[in-house]
Amino acid sequence: TGKRSHLLPLLITALDTAMRKGELLQLRWSDLDLAEGLIMVRATTTKTMTARTIGMTQRVKSELQKLWHNSMQDADNLVFGITDNFKRSFTSVCQLACVNGFRFHDTRHTAATRMIQAGMPPMQVMKITGHTQMQTFVRYTNANEQAAKLVATALDEWQNSAPMTVSE
C-alpha cells in the first residue's frame, strides 16, 4: 500500500513467471501480448542471451492490465516504471509483512518450485525460467512439506492402481 504499492504487480509477476529481476525491470509494454496472455522476454535482457515466451497467470494478467490502464499507454515505456534499485522498498515491504530473510531473487526459486509442484515437467519449467543447465535448475526447486505430500499421494495412487507382483 501507499508509496510501496508499485511493488505489488512486480512481486506477483516475479512469483508467477520466475523472471529475473533484470528481465522484469527491462520489460517494455511492447514485450507483452495482454490479449493472448504472453510475455516475450527479449534475448538482450536475459542472462543467457536467449529469448523466451512466458504465459501469464490470471493474476499477472490482471495486474498488468491495471498497470497498462493507469500508464501513458506507450509501447516503448517500461512496464513497471522502475529505473533504479528498489532494494530499500522491498526490504521495507518484507519488514512490514513480518517476512525475514527473503531476497527478491527468492521469488525465482519460489516460482520454479511452484511450477514443479503444479505438475509441469522439469524440462518445460527450465524453458520458462531460462535455465540451460539442469545442475543450476535443480538448485531452484525446493522440496517442502507440500511436495513431500504430493509425492506420497502420487505413490499411493500408483500402488493402488498397479497390479501386485512379487519379485525376488
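**Notes on the predicted model: sheet, helices and core**

1. Let's start in the middle of the sheet. Side chains take turns along β2: Ile39 and Val41 face one way and are buried, whereas Leu38 and Met40 face the other way and are not. Keep in mind that this is a predicted model, so read every value below as computed from it.

2. Now the sheet around that strand. It is an open one with three strands in the order β1-β2-β3, paired antiparallel. β1 and β3 (52-55) are the edge strands, each pairing on one side only. β1 and β2 (residues 38-41) run antiparallel and are joined by two bridges, while four bridges tie β2 to β3, also antiparallel.

3. Which residues stand opposite each other? Leu32 stands opposite Ile39 in β2. Asp33 has Leu38 of β2 as its bridge partner. On the β3 side, Met40 stands opposite Thr53. The hairpin of β1 and β2 has four residues between the strands, and Gly37 there takes a positive phi near 75°.

4. For the overall layout, the protein has eight helices and three strands. Going along the sequence, the pattern is α-α-β-β-β-α-α-α-α-α-α. Of the 168 residues in the protein, 34% are buried. Among contacts with a separation of 6 or more, 61% are between residues 24 or more positions apart.

5. Helix α3 (residues 58-70) has a buried side and an exposed one. It has 13 residues and spans 18 Å from first C-alpha to last, close to the 18 Å expected at 1.5 Å a residue. Which of its residues are buried? They are Val60, Lys61, Glu63 and Leu64, so don't be surprised to see Lys and Glu on that list. Looking down the axis of α3, these buried residues fall within an arc of 165°, so they line one face of the helix. As a reminder, an α-helix has 3.6 residues a turn, so residues three or four places apart point the same way. On the other side of α3, Gln58, His69 and Asn70 are exposed. The cover over the buried residues of α3 includes α1 (7-17) and β1 (32-33).

6. The largest nonpolar core has 33 residues, and the ones with the most contacts inside it are Leu10, Leu32, Ile39, Leu64, Phe80, Phe86 and Phe104. At least two core residues come from each of α1, α2 (21-25), β2, α3, α4 (87-96), α5 (106-117) and α6 (122-129). The biggest giver is α1, with five residues. Several names from earlier points return here: Ile39 is one of the buried side chains of β2, and Leu64 is one of the buried residues of α3.

7. Leu10 is worth clicking on. What does Leu10 touch, leaving out residues up to four places away in sequence? The answer is Leu24, Phe80, Ile82, Phe86 and Phe104. Among these, Phe80, Phe86 and Phe104 are also on the list of residues with the most contacts inside the core.

8. There are four aromatic pairs in the structure. In one of them, the ring centres of Phe90 and Phe104 lie 5.6 Å apart with the planes at 80°, so the pair is edge-to-face. This pair links distant parts of the chain, with Phe90 in helix α4 and Phe104 in the loop between α4 and α5, 14 residues apart. Are Phe90 and Phe104 buried or exposed? Both are buried. Phe86, Phe90, Phe102 and Phe104 together form one aromatic cluster.

9. Last, α5. This helix has 12 residues and reaches 16 Å from its first C-alpha to its last, close to the 16 Å expected at 1.5 Å a residue. How many of its 12 residues are buried? Nine are, which leaves α5 mostly covered. The buried set is Asp106, Thr107, Arg108, His109, Ala111, Ala112, Thr113, Met115 and Gln117. After α5 comes Gly119, which has a positive phi near 100°.

Terms used
Residues numbered from 1 in each chain as written. Predicted model: local features only at pLDDT ≥ 70, side-chain atom pairs only at ≥ 80, totals over all residues. Heavy atoms only, no water. Expected span 1.5 Å × (residues − 1). Buried < 20%, exposed > 50% of the residue type's maximum accessible area, 1.4 Å probe, protein only. Arc of directions from axis to C-beta. Contact = heavy atoms within 4.5 Å. Pairing = 2+ DSSP bridges. Core = buried A, V, L, I, M, F, W, Y, C linked by side-chain atoms within 4.5 Å. Phe/Tyr/Trp six-rings, centres within 6.5 Å; stacked < 30°, edge-to-face > 60°.
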